[in-house]
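Subject: Structure for you to look at

Hi,

Here is the structure I promised to pass on. Have a look at it first, and then read my notes underneath.

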Amino acid sequence: MRTLKDYLESRIAVAAVLIPILYILIRYLSPFFFFLFAAAAIARTQYEVYRLYDREKKSIPIWVGLGLGFLLSLRFYREPVWGGQSVAPFHLVFIFILMAVFIFSLFFFKDIKDALVDSAVLFLGVVYISGFLSHLILIRQIRNGGSLIIFFLIVIWVGDAGAYYVGRSIGKRKLYPTVSPNKTVEGAIGGLAGCFLGGAFSKLTFLSLFSWGELFGLALLLGVFGQIGDLAESMLKRSAGVKDSSALMFAHGGLLDKLDGVAFAAPVFYYYLYWIKGFGRFTIGF
């Protein structure tokens with residue numbers, strides 16, 4: 001049986017490989033390469049969502065969902081205007097995606113009894129994963145986008161680590177046992193503290209954009225939505241009867257396990273920057 005020490009060592013080993021690669025990608029490469037990386041990560045995460053539901057029946061045309069997810073990510077990347085006009089209003093894009101799902105399901109369903117749920121799951125994968133995570137593509141293209149993404153990931157992932165280790169060490173009171181039996185109130189508080197510590201580290205080292213008061217409120221906001229995203233993913237996994245979405249990242253589980261909090265918090269962070277901070281879009285710089 002693996003001990004907490006073994007688990008910690010495995011997580012550190014994976015992080016030691018992936019974090020430098022991610023940093024170089026965000027820090028030194030253009031937003032186009034970040035888009036390609038994000039699109040690939042989104043496709044893999046979508047696949048994991050679909051496999052939660054479709055492990056045996058194979059009734060969902062996964063390639064359709066992945067294709068629509070890529071088109072949605074591309075729409076986020078192309079949000080900068082062409083010729084002074086927006087490419088297409090976002091609500092029209094979502095309507096097109098929903099219509100495409102229904103049209104495909106109408107003519108290519110395998111069992112009409114499953115058509116309703118299959119269509120819903122197909123659409124959910126596009127909106128939940130591509131729609132949420134593609135906000136990182138938008139963030140990368142605004143002023144200081146690279147630094148903001150690094151700040152955001154540090155806040156979410158340090159908060160995630162804080163929730164896990166505080167919960168494992170001193171957690172007693174269950175947070176939401178019906179959805180996630182192992183999560184505790186103490187772990188949730190530790191996660192929020194971790195978010196603030198991650199934000200404070202970022203402010204002291206490379207991003208002084210936020211005041212201390214604003215940083216505290218933003219860390220709390222992102223921490224809460226990150227934990228809601230974690231619970232939402234736990235609900236899906238528990239419904240599917242699995243512990244991890246995949247074994248892609250060893251001790252970290254699958255990409256869905258690692259990006260659940262990121263997915264929920266990314267839109268919140270983007271619209272905070274856009275509406276509260278008043279950042280103009282697409283003034284590219286690190």
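Let me start with a loop: Asn 144 sits between helix 6 (135–140) and helix 7 (145–170). Keep in mind that this is a predicted model. The phi of Asn 144 is near 60 degrees, so a positive value turns up here in a residue that is not glycine. As background, most residues other than glycine have a negative phi. Is Asn 144 exposed, partly exposed or buried? Its relative accessible area is 28%, and because buried would need under 20% and exposed over 50%, Asn 144 comes out as partly exposed.

Zooming out, the protein has ten helices and two strands. Going from the N terminus, the order is α-α-α-α-α-α-α-β-β-α-α-α. There are 286 residues, and 46% of them count as buried. The exposed surface is about 14,500 Å², with carbon and sulfur atoms supplying 71% of that. If you take the contacts with a separation of 6 or more, 73% are between residues 24 or more positions apart.

Now for the inside. The largest nonpolar core has 65 residues, and the members that touch the most others are Leu 148, Phe 152, Phe 210, Leu 222, Phe 269 and Leu 273. Helix 10 (residues 255–276) is the top contributor to this core, giving twelve residues. What does Leu 222 contact, leaving aside its neighbours within four places in sequence? The list is Phe 152, Val 155, Ile 156, Ala 265, Val 268 and Phe 269.

Gln 227 is worth a click too: this residue lies in helix 9 (residues 212–240). Beyond its neighbours within four places in sequence, Gln 227 is in contact with Ala 188, Gly 191 and Leu 192. The C-alpha atoms of Gln 227 and Ala 163 are 9.0 Å apart, although 64 residues separate the two along the chain.

Last, a helix pair. The axes of helix 3 (residues 62–77) and helix 4 (residues 90–108) come within 11 Å, crossing at roughly 170 degrees. Angles over 145 degrees count as roughly antiparallel, so that is how helix 3 runs relative to helix 4. On the helix 3 side the contact includes Trp 63, Leu 68, Arg 75 and Phe 76, and on the helix 4 side Phe 90, Phe 94, Ile 97 and Phe 104 are among the residues involved. By type, the residues of this contact split into 14 nonpolar, one charged and no polar.

Cheers

Methods
Residues numbered from 1 in each chain as written. Predicted model: local features only at pLDDT ≥ 70, side-chain atom pairs only at ≥ 80, totals over all residues. Heavy atoms only, no water. Core = buried A, V, L, I, M, F, W, Y, C linked by side-chain atoms within 4.5 Å. Buried < 20%, exposed > 50% of the residue type's maximum accessible area, 1.4 Å probe, protein only. Helix = DSSP H or I, 4+ residues; strand = E, 2+ residues; numbered from the N terminus. Contact = heavy atoms within 4.5 Å. Areas by Shrake-Rupley, 256 points an atom, 1.4 Å probe, with all protein chains shown as cover. Axes fitted to C-alpha atoms, helices over the stretch in contact; angles between N-to-C directions. Parallel < 35°, antiparallel > 145°, perpendicular 65-115°, else oblique. Nonpolar A, V, L, I, M, F, W, Y, C, P; charged D, E, K, R; others polar.
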